[in-house]
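Student: I'm new to this one, so could we walk through it together?
Tutor: Sure, ask away once it's on the screen.

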Amino acid sequence: MINYNDLTIKFSDVTIFKELNLHINQHSIVIGPNGSGKTTLIKATCGLIPYRGKILVDGQGVKKIKNYLNLSTNIPEVYTIGREVKDIAEIYSEIKDLELDVFRDLLKELRIYDEVINKKIFKLSAGQSVIVRTVLALSSPSKNLLIDEPFENVDPSKRLIIARFLKENVKDGFITTHELDLLKQFNSWPLYIILNGKVYGPIITEDFLNSTIVEGEAPNAILTLDLDDKKISIVKDNGSGIKLLTLGNINRLYGVL
Ligand SMILES: Nc1ncnc2c1ncn2[C@@H]1O[C@H](COP(=O)(O)OP(=O)(O)OP(=O)(O)O)[C@@H](O)[C@H]1O
């Protein structure tokens, strides 16, 4: 369980979140347009960037704790402590109880173990890098996982395997993704939308995927989103509006908003 209480995050004079209050009680999906703050929220939760307010993971303030065992992530900054992939896994087995056999088995199932294990982490391709970092996070016994864009640059053949690992291992925390097709794999999970510094939701991912978008404040809306000068409602598909599933890629959602 992750609680954000009055969370404010600013970069110079740009405010990303202002006094945000959000409680994520179980494994969830977080979506939002480019630059909306998804990665920033993960980095703050991992203590990588400064913030005002409180972030509690299972009731524990994490600001000053190093190597908090109940939280793991696939954010790149966390994995710069070793040179080769095998060194990083070994360091994490010492400091975060990472299970080396789980790490090896997951990479083998994804058929990339031999090609990555002796490589320097910064020499991996974009797809190899996100897979290795996601598998590093999933191999730790942490209950709370914060997984940023786990499918980006990953081959279609491997995406469903990663989605299965995530479904099996992410007990608490959240996954961010832009992949509408893969959202279907998380049909029963709560989904939040980050837009213009606000976090909307949760709604059930399946309901979101079977919805349409209409302009204005619809009385039967599952969610109503505030844009700069107008309101947009997400409503259960009743034949009117733009069907979310026809958009193909979730980025198009933000194009029609
Ligand atoms: N270190 C930083 N210094 C200044 N601005 C930053 C910094 N990190 C992020 N930002 C800005 O904060 C905003 C949120 O960025 P963030 O990476 O969290 O977005 P995101 O929702 O993860 O986007 P994407 O979907 O493109 O990955 C962006 O406008 C970004 O330019």
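Student: Is the crossing of H3 and H5 left-handed or right-handed?
Tutor: This is a predicted model, so local features need pLDDT of at least 70, side-chain atom pairs count only at pLDDT 80 or more, and totals for chains, interfaces and linings use all residues. Residues are numbered from 1 along each chain as its sequence is written, and side-chain values use heavy atoms, with hydrogens and water left out. A crossing is left-handed if the near helix is turned anticlockwise from the far one by less than a right angle, and right-handed if clockwise. By that test, the crossing of H3 and H5 is right-handed.

Student: At what angle do helix H3 and H5 pack?
Tutor: Helices (H or I, at least four residues) and strands (E, at least two) are DSSP runs, numbered from the N terminus. Axes are lines fitted to C-alpha atoms, for helices over the stretch in contact, and angles run from 0 to 180 degrees between N-to-C directions. The axes of H3 (residues 100-109) and H5 are 9 Å apart, and the angle is about 140°.

Student: How do the residues of the contact of H3 with H5 divide?
Tutor: Contact means heavy atoms within 4.5 Å. Phe103, Leu106 and Leu107 of H3 meet Ile131, Val132, Val135, Leu136 and Leu138 of H5. Ala, Val, Leu, Ile, Met, Phe, Trp, Tyr, Cys and Pro count as nonpolar, Asp, Glu, Lys and Arg as charged, and the others, Gly among them, as polar. The split is no polar, no charged and 8 nonpolar.

Student: And which residues of H5 and H6 make their contact?
Tutor: The axes of H5 (residues 126-138) and H6 (residues 156-169) come within 11 Å and cross at roughly 20°. The crossing of H5 and H6 is left-handed. On the H6 side the contact uses Lys158, Ile162, Phe165, Leu166 and Asn169, and on the H5 side Ile131, Thr134 and Leu138.

Student: What share of the residues of the protein counts as buried?
Tutor: The protein has 9 helices and 14 strands. Buried means under 20% relative accessible area, exposed over 50%, partly exposed in between (1.4 Å probe, protein chains only). Of the 257 residues, the buried share is 51%.

Student: What does glycine 248 count as?
Tutor: Glycine 248 sits in the loop between strand S14 (242-243) and helix H9 (251-256). Its relative accessibility is 38%, so glycine 248 counts as partly exposed.
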